[in-house]
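Student: I have a structure open in front of me and would like a close look at a single part of it. Could you pick one residue, tell me where it sits, and then connect it to the rest of the protein?

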Amino acid sequence: MVCGVDSPAVFNQPPPLEGLDLFSTNRPLVEATVRAGAGWVLERAARLGRLAGGEALRWGFEANEHPPRLHTHDRYGNRIDEVAFHPAWHELMRMGIAWELHALPWRTTQAAAHSARAALYMTAIQAEAGFGCPITMTYAAVPALRAETDLAAAWEPLLTSTTYDRRLVSPAEKGSAICGMAMTERQGGSDVRANTTAAAPLTAAGEYALTGHKWFCSAPMSDVFLVLAQTPDGLGCFLVPRVLADGTRNRFHLERLKDKLGNRSNASAEVALDGAWARLVGPAGRGVATIIEMVGHTRLDCAIGAAGGMRWATAQAVHHATHRAAFGRALVEAPLMRNVLADLALESEAATALAMRLAGAYDEAAGGGEAAEAFRRLVTAIGKYWLCKRVPAHAAEALECLGGNGYVEASGLPRLYREAPLGSIWEGSGNVMCLDVLRALGRGPESVDLYFDELDAARGADRRLDAFAGRLRRELDRPDEAESRARTVVELLALGLQGALLVRHAPPAVADAFCAGRLAGEAGHEYGTLPGGTDFGAIIDRHRPVPV
């Protein structure tokens, strides 16, 4: 005899947030895409949005429930150094590559290609952030490899292919390739000039043998890596394939996988190079200058990914509050909850505006010119620092909006919360980014002038923004203790740019709330402290996820 209790009827729970078009329902992103001149990607982005908001959401859960496993040897004792992934991971990778997230600007002559890619990337990354790591590095490797014409000719067609092949065989046999990166070592971290991995010349044609260890290797299942190592002439940047042209495996060994806080669907490894064959990229002794082309593009994606994470967290909070009732009314109708939701939505919209403006700076720099390059360099550091710093608190507040429902894994918000700190660490910690801003400002007045051109475009539209711009100019005129005050300066630079973008392009309710709550100091330091008179409903309505 089996005894049991019938399950009670379920009520006062929101319907599953699925079957979405994650692009078309993201009104700030759609508007920013058109504004950037990338309207040609709208239909494509909507199709990707439906995939990302449908089946890809399931892939994200499955890839995290079944994280990668390292197999250093086969059953017979042969060294194989392979990482095994759940099929859902491969589906995410196949999606990213088929939709050109890894290569769109290198494959099209359409205008605003970096902005178009940013819209696609920000949409797809909401399904799962982990697969963005190899996608980003593959995208970012292309401009770095162009420092060597023959390497670019050989590898760019493989890195920009839209086919995904997970086999560990010669790239020529596959016809496509994924790129990873191995820079940091145990003793150095961000200080890559402290690296001890040695590069011994083999031939006059730029071939070297690399020996040493890397503390963090991103996406170790990749086909090829950019690696920093010490040459007799100083630090150099090298291309290291996993499989050599003759089909044999390079002496690039995976020691162990990192047990990480988040980003668990993606593998990160400690690796040993035991005389691994490599080709020098760029001049010997100029490794940092060479790989910085890759790093700049990966930092761009840190900012885009941060905005994507904030968008998905906001959508979940708004959805829950819309369908959940407490104390006799829907949560979304409770004045204090409306303040919180509007504040989360405001942060998300400001992040989207800044991330898309940063992508636009890459489009402008692609057109050439020192001024565009100077602006790109400055805004990359500003955007990467600020947006990645804002994500953890934003994710925590969104999770709290769901209460206990948000604290369980099935909601997806714990995964989003664990992911949140990564952007501030990967590709340059907060302090590194702030020092980069100081260096960019110190290269001459041009960077400062270009920055204030952005703010001046909104001059006269809001007195609070104008007053903030004046304060910022005074801050930049204080060279004393510049390094110790760098975070303050960068925060102000980021807020000023976000304010100018919203005043120029966002609806009045959004711009007014941002100027009041972020620039004029009329709000507190926690979410849900926007000042009285804020049009909460108008802000929230722009962030309602509507199933298709």
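**A close look at aspartate 81**

Tutor: Let's start with aspartate 81, which has a relative accessible area of 5% and is therefore buried, since buried means under 20%. Please keep in mind that this is a predicted model. On the chain, aspartate 81 belongs to strand β2, which covers residues 79–84. What does aspartate 81 touch, once residues up to four places away in sequence are not counted? Its contacts are His71, Thr72, Leu168, Arg242, Phe252, His253 and Leu254. Try selecting these residues in your viewer together with aspartate 81.

Now let's step back to the whole protein. There are 21 helices and 11 strands in it. The protein has a radius of gyration of 24 Å, close to the 24 Å that the globule rule gives for 548 residues, so it is as compact as a globular protein of that length. If you follow the C-alpha trace along the principal axes, the protein spans about 80 × 75 × 40 Å. Aspartate 81 has company in being buried: 58% of the 548 residues are buried as well as counted in that way. Contacts also reach along the chain: of those between residues at least 6 apart in sequence, 73% join residues at least 24 apart.

What about the surface and the charges? About 22000 Å² of the protein is exposed, and carbon and sulfur atoms supply 53% of that area. The side chains include 56 positive and 63 negative ones, and the centres of these two sets lie 1 Å apart.

Next, the interior. The largest nonpolar core contains 181 residues, and Leu210, Leu226 and Met294 have the most contacts inside it. Helix α11 gives this core its largest share, 17 residues. Take leucine 210 as an example: beyond its neighbours within four places in sequence, its contacts include Ala198, Ala199, Val227, Phe238 and Leu273. Asp274 and Gly275 are also among the residues in contact with leucine 210.

Helix α11 runs over residues 335–366, and leucine 358 is found in it. With a relative accessibility of 1%, leucine 358 counts as buried. Leaving out residues up to four places away in sequence, leucine 358 touches Leu300, Ala303, Arg376, Val379 and Thr380. From leucine 358 to leucine 378 there are 20 residues in sequence and 9.8 Å in space, C-alpha to C-alpha.

Leucine 378 brings us to another residue, tyrosine 451, because Leu378 is one of the contacts of tyrosine 451. Others among them are Phe375, Leu472, Leu492 and Leu497. Tyrosine 451 lies in helix α17, residues 445–456, and is buried with a relative accessible area of 1%. How far is tyrosine 451 from glutamate 82 in space? The C-alpha atoms of the two are 46 Å apart, and 369 residues separate them in sequence.

Loops deserve a visit too. Threonine 184 is in the loop between β3 (179–182) and β4 (198–201). Is threonine 184 buried or partly exposed? Its relative accessible area is 22%, so threonine 184 is partly exposed. Beyond residues up to four places away in sequence, threonine 184 touches Gly189, Lys214, Trp215 and Phe216. Valine 227 is 43 residues from threonine 184 in sequence, while their C-alpha atoms are 9.1 Å apart.

Another loop residue is glutamine 126, placed between α6 and α7 (132–145). Glutamine 126 counts as buried at 5% relative accessibility. Setting aside neighbours within four places in sequence, glutamine 126 is in contact with Leu22, Asn26, Leu57, Gly308, Arg311 and Trp312.

Finally, here are two residues to check for their backbone angles. Glutamate 100, in the loop between α4 (87–98) and α5 (104–107), has a positive phi of about 65 degrees although it is not a glycine. Alanine 112, in the loop between α5 and α6 (113–124), also is not a glycine, and its positive phi is about 55 degrees. Both residues are buried: glutamate 100 has a relative accessible area of 11%, and alanine 112 has a relative accessibility of 14%.

Technical notes:
Residues numbered from 1 in each chain as written. Predicted model: local features only at pLDDT ≥ 70, side-chain atom pairs only at ≥ 80, totals over all residues. Heavy atoms only, no water. Helix = DSSP H or I, 4+ residues; strand = E, 2+ residues; numbered from the N terminus. Rg over C-alpha atoms; globule rule 2.2 N^0.38 Å. Buried < 20%, exposed > 50% of the residue type's maximum accessible area, 1.4 Å probe, protein only. Contact = heavy atoms within 4.5 Å. Areas by Shrake-Rupley, 256 points an atom, 1.4 Å probe, with all protein chains shown as cover. Lys, Arg positive; Asp, Glu negative; His and termini not counted. Charge placed at Lys NZ, Arg CZ, Asp CG, Glu CD. Core = buried A, V, L, I, M, F, W, Y, C linked by side-chain atoms within 4.5 Å.
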